[in-house]
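Reader: Could you walk me through this one? I'd like to go contact by contact.

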Protein chains: 2
Amino acid sequence: MTLQQLQHFLAAIEHGSFSAAADALHLAQPSLSEQVRRLEAELGTALFVRTGRRLVLTEAGRALRPEAERTVAAAARAAASVADVRELRGGTATLGIFGDAPPWLVGNVVAAFRRRHPDVRVRVVGVNSSEVAEAVSEGRIEAGIVLLPVDDAALDVRPVLRSQLLYASADPRRVRPPVTIERLAAGPLILPDARFGAADPTQRALLERAQRAGVRLEPHVEVEQPQTALELAARGVGDTVVSEALTLRRAGFPRALHVAPFDEPIEEALAVISRRAAPLSPASRELLALAEQQLGRLGQAAVGERAPVA
Amino acid sequence: MTLQQLQHFLAAIEHGSFSAAADALHLAQPSLSEQVRRLEAELGTALFVRTGRRLVLTEAGRALRPEAERTVAAAARAAASVADVRELRGGTATLGIFGDAPPWLVGNVVAAFRRRHPDVRVRVVGVNSSEVAEAVSEGRIEAGIVLLPVDDAALDVRPVLRSQLLYASADPRRVRPPVTIERLAAGPLILPDARFGAADPTQRALLERAQRAGVRLEPHVEVEQPQTALELAARGVGDTVVSEALTLRRAGFPRALHVAPFDEPIEEALAVISRRAAPLSPASRELLALAEQQLGRLGQAAVGERAPVA
DNA sequence: GGAGCGTCAAAGGGAAAGCCTTTGGTTGGT
DNA sequence: ACCAACCAAAGGCTTTCCCTTTGACGCTCC
């Protein structure tokens, strides 16, 4: 059974003859006739009585008609549902986000997207750059914003914002030059992102730097949220590190905290990622474009809005 | 978009890979892959992300899935509904019946049919032989039971019961020989089937006979139901005619009434009719078979059960 | 009652789709 | 680093699809 056959069957009913139906569908009459005949053969029953004048449905045809209409309508809905996704009239756009992305940034991006496409639902997932990268490279989500580096080669990575890791302490003397990894290792240390440990790219970069310097980073406190680490550091519990991106706009940044870049900068970069060679859905493309726009604007404004440095 | 494509799409989701899905559908992998690719091309969107290990639905694919399932299910229901009709598990069997068919006969046939096929609905339509014949020859209904003659050449006519028209009167002297059309024309006359007049074959035969005898049949009372005519005749309002078939079994036959055949018999015949060269649905075939059976049995029992003759 | 119109079926041919097998390229696992 | 699983691509064969032409049948209008 074919959708086409059902459509031809319905057209024949509607127009009262095979000829008229064929005309309406821009077909030759024998073509349509054959399809109906084929349908009848497959179903094992005549659907029409061919009386010279006009077609009359058999009992089987009468039984088939409403079901055929339902089937054709369902197919149309199926096509429409995909078109909705394509035309940004429906569906869900999913964006993977590294865990300590500034909430105001995510909020901005999502709000801007919803303003343009109110019918598309948005899902923001992810707590960790490497986890997001894995999900994107496996195709579970289409796009994400992560901290570099991400190792997976199946990704299309577009860096959008360079940043560096800052030393953060409540004691202004601790952020005076020279700001070194040794100093960080020496003092009481607070490290965020406890859950994912060495999988986090920034944390990995930090540990590698320590190894190279011959010191070990032994955190006195491990917390999950960077915000918590900052809060603890502001209270003098210990020193910590914070991504420069998180200090921008000073949203929720503790006043008591002083930050400074390392003498030998620990660079990090934010990037938008998507699967290489996998076409992005319009929704995701739009979402990524907005994210890039937000991050780009952020990079330009960064200098003037940095948190106090020593 | 094709039902097949939707089925392949769903199979691919279910089995997690094109290869497994193709196996399950007894297809080669490239065949299934191509169908999915074609579907994607038509919809203008990728439905799967082909990650080396397993297939992952895109957003469009996620949107399509439930609609595809609905569509395929609807198609299955469509096929099933026709099969139900074919297998006598559903649908409606329609039987055309001439207007003054004895209700007990129709009741017997329908009851027997329903006993065998309780899921098939039965519709009994028609008030007049010629109307039934027209409906059957136009294909509006598949089969019927009529009084001969019927003129239409597109019919397959199988006579099943010979009968004749009887003179009926409350006065026993009026049914003594010679029973002639002249006598009928002379007395107060009650004629049934007023609505369809000369189109009714029996009435036509009667009028033709009168014309041949040089008399005119001017009914004093015209009624629609033969039963009403008999009732009036029983009360002495006038004389009437009644089909012999109606007097059998004496069901509802007025006791006060006397009947007799005409000296020159006015023959009539009951026949089952269907469209020539149009295949009967199983339900109609069964219904007709039962009707023939009932009428055949009736013909054998006729002699012993006739109403009182003079 | 025959000419003309409309409708469907049948036949023949060309284009397209569907399916197969083989082969090559990726990805993941051992 | 090799092996297994999987998908895509290519070539070839069969079937389907669709067309045009033709013939048969029924209806209508002279």
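Reader: Let's start with the nucleic acid. Which residues are the closest to DNA strand C?

Author: Sure, and bear in mind that this is a predicted model. DNA strand C is surrounded by 20 residues. Both protein chains show up among the closest: Phe18(A), Ser19(A), Arg50(A), Ala28(B) and Ser31(B).

Reader: How much of what the protein touches on DNA strand C is sugar and phosphate?

Author: Take the atoms of DNA strand C that come within 4 Å of the protein. The share of these that belongs to sugar and phosphate is 75%.

Reader: And which side chain has an N or O atom 3.1 Å from a base nitrogen of DNA strand C?

Author: Let me set the phosphate contacts beside it. Ser31(B) has a side-chain N or O atom 2.7 Å from a phosphate oxygen of DNA strand C, and a polar side-chain atom of Ser33(A) sits 3.4 Å from a phosphate oxygen of that strand. For the base nitrogen, at 3.1 Å, the side chain is that of Gln29(A).

Reader: Which element supplies the largest share of the surface near DNA strand C?

Author: Chain A brings in α2 (18–24) and α3 (29–43), and chain B brings in α3 (29–43), each with at least two residues of that surface. The largest share is 5 residues, and it comes from α3(B).

Reader: OK, on to symmetry. What kind of axis relates the two copies?

Author: Chain B goes onto chain A with a rotation of 179° and 0.1 Å of shift along the axis, at an RMSD of 0.5 Å. The two copies are therefore related as by a two-fold rotation axis.

Reader: Which C-alpha of chain B is nearest the axis?

Author: The two copies use the same surface, with 100% of chain B's contact residues recurring in chain A. As for the axis, the nearest C-alpha in chain B is 2.7 Å from it, and it belongs to Thr71(B).

Reader: Now some packing. Which element gives the most residues to the largest nonpolar core?

Author: That core has 29 residues, and those with the most contacts inside it include Leu95(B), Phe113(B) and Ile145(B). In chain B, β3 (92–97), α5 (103–116), β5 (143–147), β6 (155–169), β11 (267–275) and α11 (282–301) each put in at least two residues. The most, 7 residues, comes from α11(B).

Reader: Zoom in on Ile145(B): what is it in contact with, neighbours within four places in sequence aside?

Author: Ile145(B) is one of the residues with the most contacts inside that core. With those neighbours left out, its contacts are Leu95(B), Gly96(B), Ile97(B), Phe98(B), Ala271(B), Val272(B), Ala291(B) and Leu295(B).

Reader: What about aromatics: is the pair Phe9(A) and Phe48(A) stacked, edge-to-face or tilted?

Author: The pair links distant parts of the chain, with Phe9(A) in helix α1 and Phe48(A) in strand β1, 39 residues apart. Phe9(A) is buried at 0% relative accessible area, and Phe48(A) is buried at 3%. The ring centres are 5.5 Å apart and the planes are at 50°, so the pair is tilted.

Reader: And what geometry do Phe18(B) and Phe48(B) have?

Author: Here Phe18(B) in helix α2 and Phe48(B) in strand β1 are 30 residues apart. Phe18(B) is buried with 11% relative accessible area, and Phe48(B) is buried too, with 3%. With centres 5.6 Å apart and planes at 80°, the pair is edge-to-face.

Reader: Last one: which residues form one aromatic cluster in chain A?

Author: There are 6 aromatic pairs over all chains. The cluster is made of Phe9(A), Phe18(A) and Phe48(A).

Methods
Residues numbered from 1 in each chain as written. Chains lettered and ligands numbered in written order. Predicted model: local features only at pLDDT ≥ 70, side-chain atom pairs only at ≥ 80, totals over all residues. Heavy atoms only, no water. Least-squares fit on C-alpha atoms with pLDDT ≥ 70 in both. Contact = heavy atoms within 4.5 Å. Core = buried A, V, L, I, M, F, W, Y, C linked by side-chain atoms within 4.5 Å. Buried < 20%, exposed > 50% of the residue type's maximum accessible area, 1.4 Å probe, protein only. Helix = DSSP H or I, 4+ residues; strand = E, 2+ residues; numbered from the N terminus. Phe/Tyr/Trp six-rings, centres within 6.5 Å; stacked < 30°, edge-to-face > 60°. Near = heavy atom within 4 Å. Polar contact = N/O pair within 3.5 Å; in protein donor to acceptor, adjacent residues only side chain to side chain.
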